[in-house]
Amino acid sequence: MLFLLWPQQCTTDTCLANNTCSNSLMTAGTTCSSGYCTGSFPAACMECTADAHCDDGYECTTDTCLANNTCSHSFVPQHTNCSVGTCNGAGACDDGDLPAATLEALTQADAESMVVQGACNESGKVVCFVADAGDATPTATTLAASPTASSAAVTRDVAWNITILTSGDGSKRAHCFCEDSGGLQGDVTTSATQAFDGTGPTVANVTATLVSVGDSTSVVSVHGVSSEKGSVHVLVLASSERPPRVTMVGMQGVAAAVSPTALTFAADVTVSLVTGSVRVFVVGRDGFGNNSTDVAAAATVVVLSPTCDDGVANGQESDVDCGVADGAGCALCESGRVCLSSANCEAGTLCTTTAAGSGVCTPPAVAEAGFFVSMTVTLAGDVAAQDVTRGARTALINQFAAQANVSSADVLVTSVSTVVGGSGGVALALKVAVPSLSAAAHAETALTTFTAMSNGTSPLLSALSTAEPTLASRISSSSSSDVSSAYQVASSLSEYGATSDDSNNDSGDGDQTVLFIALGAVAAIVVGALVAWMVMSCKSGGGKTRNSQPKVSPSLKA
């Protein structure tokens, strides 16, 4: 350095960050060009005349004043006794304890390496390698000779991490030993077993937002979180398309890196669509190339612009891609679809408003009934909502009508939705119309005990196999759940003051009896009032009635 205050060889001269100089004295006895440093101001390099002038303060060095009046420092032989143990042959007094390694963690770095973290209780170096958990623990000599071992310089009690080349999945262990500056090797320390079983990461919290819509393409921004370092693949499809498999997303999706610290990802995906809507699907991939078990889907559908085939209820539609009252390009809704008025429903159906406040396009037989039992049916497998055709719904309706002992006209599929995640499949919401609360209780009991087994002999799958064999072949299991208590629709008896919610009430017949008693009381009051009026009329005009009879001519009396 230039312009230092003390241009002496017995000072350590440093230019500090504030552009000032620092000059610290070298240790007394340090060798310099003409002898030894005195270790005191004024800093000077002086010729030695005795070995004591060359003393560097280290007991494991031999300090000698040579004939040319300069100092020499040589290491005391290893194992020579010193104040706390023996000299290590590198100028330090060692306490005699073997250096030891403490291993903190074994993590995956990428497809070809892992990272071992730990610390040594002596300065020197650490040597590590990673092996299968079933392999025997190596000795320090064997470990040091391994072609896959890695080493790094370490400082006493200061944490270190070292990258080890490895490959393959399975359970792994790290083996390390520390070596002090004198070459003394400690025992091998083995980490806990870490499983790398070939399972890919889990992707969660996937969100998608529309960035832009151009003349021929749109851009969707996708964000989410992965459980592991690595990457993700993002596939954006039209909402009307069937949810993809993991392999499809992995091959066709846009790749994006996962932040190694926050484990988050972000990707802008260009889609060759400018109308309709799209759904986002993501698969994670770890450093070993293992994909996620399941496809993660964004919680929301990204609407590019409303159309009659975008798979979303938007614009003037009352339900997904149907129900525009003026018929502006979209079809009217079929039975079971949501409606705002009967103008949204196709011919032969009415918009029935339930006690819950929602409208459903309903066949007249169902619309006129006063009581319902509802339930949910799940068909697991490689199917989506659009795969459940009208023929499939008819087969299901007939099966449930037989189960509930009602007419098929009294069973309604109110909605069909795709199940995202897990085993996939579709969920169908059904209503069964019954003539009375007692019949509702019977139907509820019948449907509650109806549990379709996960095989081709279940009533549901048997019915579908006959009506829609292709669809049935893609269903792995079926089940029923969420059977509700009976309730009334607002368009029936509730218009006359009847209670519209009998859920969780086993005394349904009593409620109906109360209704009939109430109606009978009203009728009795009306009849009583009419009779009273007639009596009063007779009392007030009885004489006139008798005198008004026509007189009979005497000639006719005989």
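User: Before we get to the cysteines, what counts as a disulfide here?

Analyst: A disulfide is a pair of cysteine sulfur atoms within 2.5 Å, and please keep in mind that this is a predicted model.

User: Then why is there no bond at Cys-21?

Analyst: The closest cysteine sulfur to that of Cys-21 belongs to Cys-15 and is 5.5 Å away, which is too far for a bond because a disulfide needs the two sulfur atoms within 2.5 Å. As for their surroundings, Cys-21 counts as partly exposed, with a relative accessibility of 35%, and Cys-15 likewise counts as partly exposed, at 41%.

User: How many disulfides turn up in the whole structure?

Analyst: A search of the whole structure finds eleven disulfides, and one of them joins Cys-32 to Cys-45, with an S to S distance of 1.8 Å.

User: Which hand does the Cys-32 and Cys-45 link have, and which parts does the pair tie together?

Analyst: The torsion about the S-S bond of Cys-32 and Cys-45 is about 95°, so this disulfide is right-handed. Cys-32 lies in strand S3 (residues 31-32) and Cys-45 in strand S5 (residues 45-46), so the pair ties together parts that are 13 residues apart in sequence.

User: Are those two cysteines buried or exposed?

Analyst: Both Cys-32 and Cys-45 are buried.

User: And what about Cys-48, where is its partner?

Analyst: Cys-48 forms a disulfide with Cys-65, the sulfur atoms being 2.0 Å apart, and with 95° about the S-S bond this link is right-handed. Cys-48 lies in the loop between S5 and strand S6 (61-65), whereas Cys-65 lies in strand S6, so the pair ties together parts that are 17 residues apart in sequence. Cys-48 counts as buried at 0% relative accessibility, and Cys-65 counts as buried at 16%.

User: Moving along the chain, what is the hand of the Cys-345 and Cys-361 disulfide?

Analyst: That disulfide, with an S to S distance of 2.1 Å, is left-handed, because the torsion about the S-S bond of Cys-345 and Cys-361 is about -85°. The pair links distant parts of the chain, with Cys-345 in the loop between strand S26 (302-305) and strand S27 (350-353) and Cys-361 in strand S28 (residues 359-362), 16 residues apart. Cys-345 and Cys-361 are both buried.

User: Different topic: where is His-233, and what does it touch?

Analyst: His-233 is found in strand S21 (residues 230-238). Leaving aside residues up to four places away in sequence, the residues that His-233 touches include Val-249, Gly-253, Phe-281 and Arg-285.

User: Why do you call His-233 buried?

Analyst: His-233 has a relative accessible area of 10%, and buried means under 20%, so His-233 is buried.

Key. Residues numbered from 1 in each chain as written. Predicted model: local features only at pLDDT ≥ 70, side-chain atom pairs only at ≥ 80, totals over all residues. Heavy atoms only, no water. Helix = DSSP H or I, 4+ residues; strand = E, 2+ residues; numbered from the N terminus. Buried < 20%, exposed > 50% of the residue type's maximum accessible area, 1.4 Å probe, protein only. Contact = heavy atoms within 4.5 Å.
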